[in-house]
Each structure stands twice: as C-alpha cells, then as structure tokens.
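Work through the following exercises with the sequence and the model in view, and compare each step of the solutions with what you find there.

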Amino acid sequence: MQKELPPGQHVIPNFDRFGLGLFAKRLAASPDELTLRVQGDVNHPLTLNASHLAVLPRVDQTSDFHCVTTWSCLGVQWSGVRFRDFYNEIVLPQASPRPKTNTVVFRSQDGYAACMQLEDLMAGDVLLADALDGQALGLKHGGPLRLVAPAHYGYKNAKHIQTIEFWPDRSHFRFPKPYPSLMDHPRGRVALEERARYLPNWVIRIAYKALAPSARRKMRQALEASGRG
Ligand SMILES: Nc1nc2c(c(=O)[nH]1)N[C@H]1C(S)=C(S)[C@@H](COP(=O)(O)O)O[C@H]1N2
Ligand SMILES: [Mo]
C-alpha cells in the first residue's frame, strides 16, 4: 500500500538510534526497569512501576515514524499501552490532576525533555511503548518506556521516560539546554509541518537534513563504545 509521505520527508530503510548530538553519550542509567513518577500540578503524585501499567490493555501498533530532520521510517512495530488509557485509568483517578491541566512534560533518564498538549496525547495511536519489533526497547530505543506519537515529530516522542508532569501551561518546560527553544514547536504536528518556530520550513529542512548523518553516527558510536548496546 503506497501512502503519501508528510511534507518534506523522505524514507530511510532502518530505524536507528537517533537524537540531538549532545544526548549521544548520555545513556539511560536504567533502561530495563521502570520507575515512573507522575507529578506536576496533581493532588497526589505517584510513583509507578511496570506492574501498575500491566492493568491497562496492551496494544500492538504499526506506525510510521517521522523525525524533524526529514527522515521517516515506515511500518515501525511497537507494543505498549495507550496514553489515553493510562491517563483515564491511572492518572485521573489516582493522581487527580487539577481541572486546568492541558500540558504534559516528559522528562527522561538522559536529561532529555519533551512537552506536548494533553489533547494531542489522547489520540488513539499515542502509546507509552515498552517494546519494538517484539523486543524490549533497551538503551537503543528508549527503554524502559517511551512515547510513541506518530502524528508528531520524533523529538516529541520522548525515550527513557522517568517522569510525566501535568500542568496548566508550558511555563515548566524548557527545550533541553543548550539547544535553542525555537527548535521546539509547541505542537509539532507532522502533517502541518510544525517543525520549529519562526524559521521557514525550507531553511529548517536543509539545515537539519545536513546535520542528520553526523547525529546518527554519533548516536551509534556512543552506544557501541559503551559496550552496553
Ligand atoms: N530521551 C530522549 N528521547 C528522545 C531523544 C533523545 O535524544 N533522548 N531524541 C528524540 C528524537 S530527535 C528522535 S528522532 C527520536 C529517535 O528515536 P529512536 O532513537 O528510537 O530512533 O527520539 C526522540 N526522543
Ligand atoms: Mo528527531
């Protein structure tokens, strides 16, 4: 089945470890065992482990993955739980976020962070995934738990999640330093090409596409050098 690619994207064959260069060597300390904190503007902060998520329905999903640097990987096979189920069945009843919650911040073991709108996370294809191709995610792809939001650029798909925060606005979020905040679009939807702020997309496409190969190389080399990959 031939689908149309989102604007400005091209297909690459392999789904490699990828990210901003500075995160290449910042490997997750605990990629296999989940300790997940739920906090922010909530009445009851939670600390969860895998058994808490195991009560939610498990989902297998095949979806395309689109990085803001213009590469796309088609047909990536994830498993996990729906963010929507996690929110409705665990966060709402147990953590009790304030009524004005509309912003969610993901903080990762490697110091990465991503910010999304709660509304966008309620889509049925948004997962908290723990497996790729039937294998635990591990150090390479965001273990123990990562976000999969296929309609949003890769940089919103936080890997190695350790904290999920619920807020009434974006004021508690800053795009990981020293990268400029304009790299973060508040929404980041692929179909609308919300790559970043202020700069025209044609400039962003050219610049990011040029930088992607070295970022990919750095990510691969750091994993190999660690002896943990
Ligand atoms: N914790 C963490 N999450 C992250 C990143 C990162 O460096 N650290 N990079 C983001 C970017 S830019 C992309 S494209 C995807 C890459 O996911 P992959 O390594 O599984 O290919 O992870 C996203 N989530
Ligand atoms: Mo990306």
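## Pockets and ligand

**Exercise 1.** Describe the lining of the largest pocket by residue class and by the elements that contribute to it.

*Solution.* In this predicted model, the lining of the largest pocket divides by class into 19 nonpolar, 9 polar and 7 charged residues. The pocket is lined by 35 residues, and those nearest its centre are F18, G19, L20, C67 and Y155. Turning to the elements, α4 (138–141) and α5 (201–226) are those that give two or more residues to this lining, and the largest share, 7 residues, comes from α5. The space in this pocket amounts to about 590 Å³.

**Exercise 2.** Locate ligand 1 and set out its polar contacts with F18, S108 and K159.

*Solution.* Begin with the site: ligand 1 sits in the largest pocket. Of the 20 residues around the ligand, D16, D110, H141, R146 and K159 come nearest, and by class this shell has 9 nonpolar, 5 polar and 6 charged residues. Next, take the contacts one by one: a polar backbone atom of F18 is 2.8 Å from an oxygen atom of ligand 1, a polar side-chain atom of S108 lies 3.3 Å from a nitrogen atom of the ligand, and an N or O atom in the side chain of K159 is 2.5 Å from an oxygen atom of the ligand. Finally, of the 540 Å² of accessible area that ligand 1 has on its own, the protein covers 99%.

**Exercise 3.** State which residues lie nearest the centre of the second largest pocket, and how much space lies in that pocket.

*Solution.* Among the 19 lining residues, A50, R58, D130, P144 and L145 lie nearest the centre of the second largest pocket, in which there is about 250 Å³ of space.

Definitions and conventions. Residues are numbered from 1 along each chain as its sequence is written. Chains are lettered from A and ligands numbered from 1 in the order in which they are written. This is a predicted model: local features need pLDDT of at least 70, side-chain atom pairs count only at pLDDT 80 or more; totals for chains, interfaces and linings use all residues. Side-chain values use heavy atoms; hydrogens and water are left out. A residue is near a molecule or strand if one of its heavy atoms lies within 4 Å of it. A polar contact is a pair of N or O atoms within 3.5 Å; within protein, one must be able to donate a hydrogen and the other to accept it, and residues adjacent in sequence count only if both atoms are side-chain atoms. Accessible areas come from the Shrake-Rupley method with a 1.4 Å probe; for residues, only the protein chains shown count as cover. On a 1 Å grid over the protein atoms alone, a cavity is a set of points where a 1.4 Å probe fits but cannot get out, and a pocket is an open set with protein on both sides within 12 Å along at least five of seven lines; lining residues have an atom within 4 Å of a point. A molecule sits in a cavity or pocket if more than half of its atoms lie within 2 Å of its grid points. Ala, Val, Leu, Ile, Met, Phe, Trp, Tyr, Cys and Pro count as nonpolar, Asp, Glu, Lys and Arg as charged, and the others, Gly among them, as polar. Grid points are joined across faces, edges and corners, and a volume is the space filled by probe spheres set on the points. Helices (H or I, at least four residues) and strands (E, at least two) are DSSP runs, numbered from the N terminus.
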